[in-house]
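This briefing describes the architecture of a two-chain model, with attention to sheets, helix packing and the contact between the chains. It is intended to be read alongside the sequence and the coordinates.

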Amino acid sequence: MKFRSLVLYLVISSFFHTCILSIWKIMSTLQGLNFTNLNITQIFVLGILLSLSFVLIGNKVNHLIKIISLSFIFSILYFYLNETSPYWYIFGVFLITLFFTNKLKKYSMQSLREDFISEKIIFDFITLFGIVFFAFVILFPFYIMLVTSFKTQIALLVNPLDFSLDFTKSLTELFKSYFVIFETYNFGRYILISSAVSIGTVIVTLLFAIPAAYAVARLNFFGKNFLSTSILIIYMFPAIVLVIPLYTVFSQLGLRNSIFGLLIVYTATTLPVAIYMLQGYFKSIPKEIEDAGIMDGQNWFGIILKIIIPLSLPAIASVALYVFMIAWNEFLFSLMFLDSPKSFTLSRAIQYLSGDAETPRQYLMAGSVIVTLPVLFIFIYFEKYLVSGLTAGSVKE
Amino acid sequence: MSDSLSKLEKRTAYTLVLPAVLLVFAIVLFPIFANVWISFKDIELKDIRIPEPRAKKIVKSISENESELKVIYKLRNSSLIQEIRNVQFHDKFPKNILPIDLDPRCNFKSKKIICDFGNWEAKYRENFEVIIKNTNDEKIDKKIIKSRKPILSGTANNPLLTTNFTLKNFKKVFYENNFVELLSTTFYFTFFGTVGAIIFGILAAQLVNQNIQGRTYMRGILLFPYVGPVVALAYTWTLLLDPNSGTLNALLVNFNIIEKPINLLGQKYITMSILGFEFKLRLALTTVIFFEIWRYFPLAFLFILARLQAIPQTLYEAAEVDGASPIQKFIHITLPQITAIISILFMIRFIWNFNKFEDIFLLTGGASGTRTLPINVYQQGFAVSDIGMGSAVSIVIVMLLISFMVIYFRLIGKKANEI
């Protein structure tokens, strides 16, 4: 039993160590290091020896001294087996090994005798591995997007693996793609249009949604139940089935290529979510507060303006941010309705850029960074509001 | 008393709700019904403009005589397929100017040439000439003549509103459109995209729910793909997966994992052999599904995490006392607690993946075996510019969606209310 747990512990922990080191090696390759072999077996065997010596030493030495010296020995061995690697790379290996040995802390020869220890080992390392894996898979494309925008097409065609940035260049040289897309491709204008459309959508949506949500939450009227269920059903219908009729009608009315047309469509498609989210919150406001307002002689308008809105600011904020994000990221309608570069939104402009095969990729990625950054900043800054918005409005994209 | 109050309440409710309802009705519900109408019409993209009479005015001098000018109006019907009835024309001139030998269809009254051109058939063109003369023999200023634009009017049928219907589009959808393959691709994409997103969502939620440092940061990072703009993310992935200079292929070749680059987004099938069995995998479609999972597992993660955090910790403590293993805890405590949310998520994601357009469009444009129903709407309606056909495909989507929703409300609707 103990032997089986020991083997399991060695294999799993070493597998985890090998995975992180491989990720480190891949990232270093992207900095221009010339590795052509992952040397998985070598690292794996070294990792097994490392884990084994860790449990064998046990508690005889202070934990900190133990992990530092073990990692140091590991790094030295690793260095001698792969001679060509630079010192910063080996230092990275040392740090990773230090982190890894620190995670081994709770294992010793005694602990391997516990109940269900094999399952616990697996869960432990899968958790760790999973977190590293998810973080890597999520962030890697964003990293490539950012770094590509600082490189040049020619350099990337010569060596598609060299993403190292040359910081000795002047700032204008480094940010060249950004200057180019603002000067030649008019991105300043597109940012303005995108912001105008998104902010406009937020304002108009709130203007329509707050009264409607209040009525659905509080007042009794014929067709109320029908309305609140149809809200749910309506937003299951996708934009793609609306696009042909809207396109034809908008062409005949001359609303294509106009920001106003886009604003109407965005507002109408986000309204159901907004009403749904707001009415849920309005229902949670105690009715007594409103009754007090009625006593004071307020009419419905006054109640909404002076009681409901101030009390539900957090919900309104999360609706506003959520709607802003939908409008900012929207692509299908802007693809269909806008075909003159004068009225492009950011998303449409990037798609238009990519339509020309001659456009160097760093411009495309610089545009992508510009359209992505505001959303990510807003998201990080207002995460709390947005997460509640996402959960409530999840039925909609 | 209370009766009038409830009447007032009703009236207020309707005034509050009506603007929103009307807007949603006009932009969301109306098009769904309009699709039915259009899908029975034989109509193309170029037909949707209402035909209008147009005129281009050209002013020319005649010989040496400066008091006379020739004005040419290039008249045409803007439509290639529809006639315009009862075309009226008028153009204004400065004082003292008279037309010579005016066309019999026209007359000159109070400084205006007014013409009745009758009906113009489709593609109608005519060069209509008028010679004008200054009555006091002075030079006519060309610029003034040219600056006035003629006004034309006429009635034409709106091609959308005519009442000739046809079943052609639906016949084409079902018999000439590779309908079976279209449907199977759509379901393949939808099913695996949904299941994959939910599985990864459960995994991620399970991981983040452990007591790890930086849990909130991790939650934020995991949501990045979901909140990022689809255009930026799709193009980044196309660059990453590019067969010639994409990072992924370059890495795999560099570490000798594959011999030559694989065109992950441009190759329909790849033959794989596992344990001696050879089978064909739909490569481009699978890649698109992976992108889809990458982008939407965060949503599943968010929901499942919220549910996991609501599970009382005492349940796990009790299990610990009873000597349950981690796997037993997961199967007997966690899983039953999250089945309800998973079934809701499955249905929502299923419907939304079924409708997915942007992601596939931006990655492959529907090529190499990734043509799904929504992509087909775009291809028919705008690439082939057969609007009637595009609408017919939309109708198929709507019908399928309605049947999904019926199933949804039958199976899960009641459960959803319990949560």
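**Strand pairing and overall organisation**

Strand β2 (residues 68-77) of chain B runs antiparallel to strand β7 (residues 125-134) of chain B, and 9 bridges join the two. The model in which this pairing occurs is a predicted one. Chain B combines 15 helices with 10 strands, whereas chain A has 19 helices and 0 strands. The two chains meet in a contact that involves 85 residues of chain A and 78 residues of chain B.

**First sheet of chain B**

- The pairing of β2(B) with β7(B) includes a bridge between B:L75 and its partner B:E126, which lies in β7(B).
- Strands β2 and β7 belong to an open sheet of 4 strands in chain B, with the order β1-β2-β7-β4 and antiparallel pairing.
- At the edges of this sheet stand β1 (53-61) and β4 (97-100) of chain B; each has a single partner strand, so one side of each is without a neighbour in the sheet.
- On average, neighbouring strands of this sheet are turned by 30 degrees against each other, when direction is ignored.

**Second sheet of chain B**

- Another open sheet of chain B is formed by 4 strands in the order β5-β6-β3-β8, and its pairing is antiparallel.
- Its edge strands are β5 (106-109) and β8 (151-155) of chain B, each of which pairs on one side only.
- From one strand to the next, the twist in this sheet averages 15 degrees.
- Within the sheet, strand β3 (residues 84-92) of chain B pairs with strand β6 (residues 112-120) of chain B over 7 bridges, in the antiparallel sense.
- Along this pairing, B:I84 stands opposite B:W120 of β6(B), and B:K92 stands opposite B:K112 of β6(B).
- β3(B) also pairs with β8(B), again in the antiparallel sense, over 4 bridges.
- In that pairing, B:Q88 stands opposite B:S153 of β8(B).

**Helix packing within chain A**

- The axes of helix α5 (residues 117-148) and helix α18 (residues 361-381), both of chain A, come within 7 Å and cross at roughly 120 degrees.
- This crossing angle makes α5(A) oblique to α18(A).
- The crossing in which α5(A) passes α18(A) is left-handed.
- On the α5(A) side, the contact is made by A:M145, A:L146 and A:T148, and on the α18(A) side by A:R361, A:Q362, A:M365, A:S368 and A:V369.
- By residue class, the contact of α5(A) with α18(A) comprises 4 nonpolar, 3 polar and 1 charged.

**Contact between the chains**

- Of the elements on the side of chain A that touches chain B, α5(A) gives the most, with 15 residues.
- The residues on that side of chain A divide into 59 nonpolar, 20 polar and 6 charged.
- One helix pair across the two chains is α5(A) with helix α5 (residues 215-222) of chain B, whose axes come within 10 Å and cross at roughly 40 degrees.
- The angle makes α5(A) oblique to α5(B), and the crossing of these helices is left-handed.
- Here α5(A) contributes A:I131, A:F134, A:A135, A:I138 and A:L139, while α5(B) contributes B:M218, B:I221 and B:L222.
- The residues of the contact of α5(A) with α5(B) are 8 nonpolar, with no polar and no charged ones.

**Dimensions of the chains**

- Chain A has a radius of gyration of 29 Å, where a compact globule of 397 residues would have one near 21 Å.
- Taken along the principal axes, the C-alpha atoms of chain A fill a box of roughly 80 × 60 × 35 Å.
- For chain B the radius of gyration is 34 Å, where a compact globule of 419 residues would have one near 22 Å.
- The C-alpha atoms of chain B fill a box of roughly 115 × 85 × 45 Å, taken along the principal axes.

Methods:
Residues numbered from 1 in each chain as written. Chains lettered and ligands numbered in written order. Predicted model: local features only at pLDDT ≥ 70, side-chain atom pairs only at ≥ 80, totals over all residues. Axes fitted to C-alpha atoms, helices over the stretch in contact; angles between N-to-C directions. Parallel < 35°, antiparallel > 145°, perpendicular 65-115°, else oblique. Left-handed = near helix turned anticlockwise from the far one by under 90°. Contact = placed C-beta atoms within 7 Å. Nonpolar A, V, L, I, M, F, W, Y, C, P; charged D, E, K, R; others polar. Pairing = 2+ DSSP bridges. Rg over C-alpha atoms; globule rule 2.2 N^0.38 Å.
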